[in-house]
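Thanks for coming, everyone. I have one structure to walk through today, and I will keep it brisk. Please have a look at it first.

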Amino acid sequence: MTTTFDTQNVLALDEQAQDLLFREARTANAFTDEPVTDEQIRAIFDLVKWAPTSMNIQPLRAIVIRSEEAKARLLPLLAEGNRAKTAAAPAVALLAADIDFHDELPTQFPHFPGARDLFADDEEARVSTAELNAGLQIGYAIIGIRAAGLAAGPMTGFDAEAISREFFPDGRHRVLVAVNIGKPAEEGAWFDRLPRLGYDEVVETL
């Protein structure tokens with residue numbers, strides 16, 4: 001059973017920030033029509049880019065969809081239950097892993113001149129490394145969206161291969177998650193909060 005732990009005197013974040021980013025934040029399913037601006041998207045990226053990835057590889061790539069034309073390309077590739085809320089979201093971020101991230105290592109990991117060569121001839125290793133670290137960055141991005149005062153609706157119910165082909169036709173990216181972004185609607189935005197596993201169920205100290 002999950003119990004409430006008093007974090008006020010333990011964490012550096014105040015209670016309001018803890019609620020904004022974690023306790024009160026939930027996956028949004030309905031949004032207002034208030035636009036999500038370029039400035040907001042840039043502010044989110046400029047915040048979450050500082051979070052760690054292995055060897056500083058930063059494989060996350062994003063396409064932000066706002067136009068009706070782009071949504072018309074996306075919606076048929078989503079699970080039916082995800083289409084209406086995506087159509088109504090002010091913005092949708094397709095978050096993908098760049099499997100050629102190693103080409104950036106000479107500038108992003110400059111103290112190790114051989115970093116790029118470690119991955120150059122092993123695409124399987126690049127794919128797994130890219131997807132793991134892009135997954136980390138997706139988690140950071142969701143927190144960043146919340147930090148901007150917006151709600152995030154992450155989804156994996158879609159044809160990932162088809163979306164990757166449609167929006168990243170170079171074949172060098174793997175779409176992992178689509179995230180609806182916007183201000184939550186007053187009605188229909190939230191499902192009931194589901195239970196969480198407690199500390200003693202998931203943590204062991206040796």
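**Charges, contacts and two odd torsions**

Let me start with one residue, Asp-117, which is found in helix α6, residues 115-120. Helices here are DSSP runs of H or I with at least four residues, strands are runs of E with at least two, and both are numbered from the N terminus. Before going on, a word on the source: this is a predicted model, where local features need pLDDT of at least 70, side-chain atom pairs count only at pLDDT 80 or more, and totals for chains, interfaces and linings use all residues. Residues are numbered from 1 along each chain as its sequence is written, and side-chain values use heavy atoms, with hydrogens and water left out.

Back to Asp-117. Is it buried or exposed? Asp-117 is exposed, at a relative accessible area of 54%. The cut-offs are these: buried is under 20% relative accessible area, exposed is over 50%, and partly exposed is in between, with a 1.4 Å probe and protein chains only.

Asp-117 has company. Together with Asp-121, Asp-122 and Glu-124, it makes up a patch of negative charge on the surface. A patch takes residues with over 30% relative accessible area and no salt bridge; like charges are joined within 9 Å, and nonpolar side chains (Val, Leu, Ile, Met, Phe, Trp, Tyr) within 5 Å. Asp and Glu count as negative, Lys and Arg as positive, while His and the chain ends are not counted. Each charge is placed at NZ of Lys, CZ of Arg, CG of Asp or CD of Glu.

Now the whole protein. How many positive and negative charges are there? There are 19 positive and 33 negative charges, and their mean positions are 3 Å apart.

On to salt bridges. I mean a side-chain nitrogen of Lys or Arg within 4 Å of a carboxyl oxygen of Asp or Glu. The search of the whole structure turns up 11 of them. Three pairs deserve a look.

Pair one is Asp-38 with Arg-66, at 3.0 Å from N to O. Asp-38 sits in helix α2 (38-48) and Arg-66 in the loop between β1 (60-65) and α3 (68-74), so the bridge ties together parts 28 residues apart in sequence. Asp-38 is exposed at 52%. Arg-66 is partly exposed at 33%.

Pair two is Asp-98 with Arg-61, whose closest N and O atoms are 3.3 Å apart. It links distant parts of the chain, with Asp-98 in strand β2 (91-98) and Arg-61 in strand β1, 37 residues apart. Asp-98 counts as buried, at 9% relative accessibility. Arg-61 has 22% and counts as partly exposed.

Pair three is Glu-166 with Arg-73, with 2.7 Å between the closest N and O atoms. Glu-166 is in helix α8 (160-167) and Arg-73 in helix α3, so to speak of distance in sequence, they are 93 residues apart. Both ends are partly exposed: Glu-166 has 33% and Arg-73 has 39%. There is also a network, where salt bridges that share partners join Asp-100, Glu-123, Arg-126 and Arg-172.

Stay with helix α8. Which of its residues are buried? They are Ala-162, Ile-163, Ser-164 and Phe-167. Their cover includes β1, α3, β2 and β4 (173-182), with contact meaning heavy atoms within 4.5 Å.

Next, the backbone. Met-55 has phi near 55°, a positive value in a residue other than glycine. Asn-56 also has phi near 55°, again positive and again not glycine. Met-55 is in the loop between α2 and β1, and so is Asn-56. Met-55 counts as partly exposed at 25%. Asn-56 is partly exposed at 31%.

Last, the overall picture. The protein has 9 helices and 4 strands. In sequence order the pattern reads α-α-β-α-α-β-α-α-α-β-α-β-α. The C-alpha trace spans about 50 × 50 × 30 Å along its principal axes. Of the 206 residues, 38% are buried. Take contacts with a separation of 6 or more: residues 24 or more positions apart account for 80% of them. The exposed area is about 12,500 Å², with 55% supplied by carbon and sulfur atoms. Areas come from the Shrake-Rupley method with a 1.4 Å probe; for residues, only the protein chains shown count as cover.
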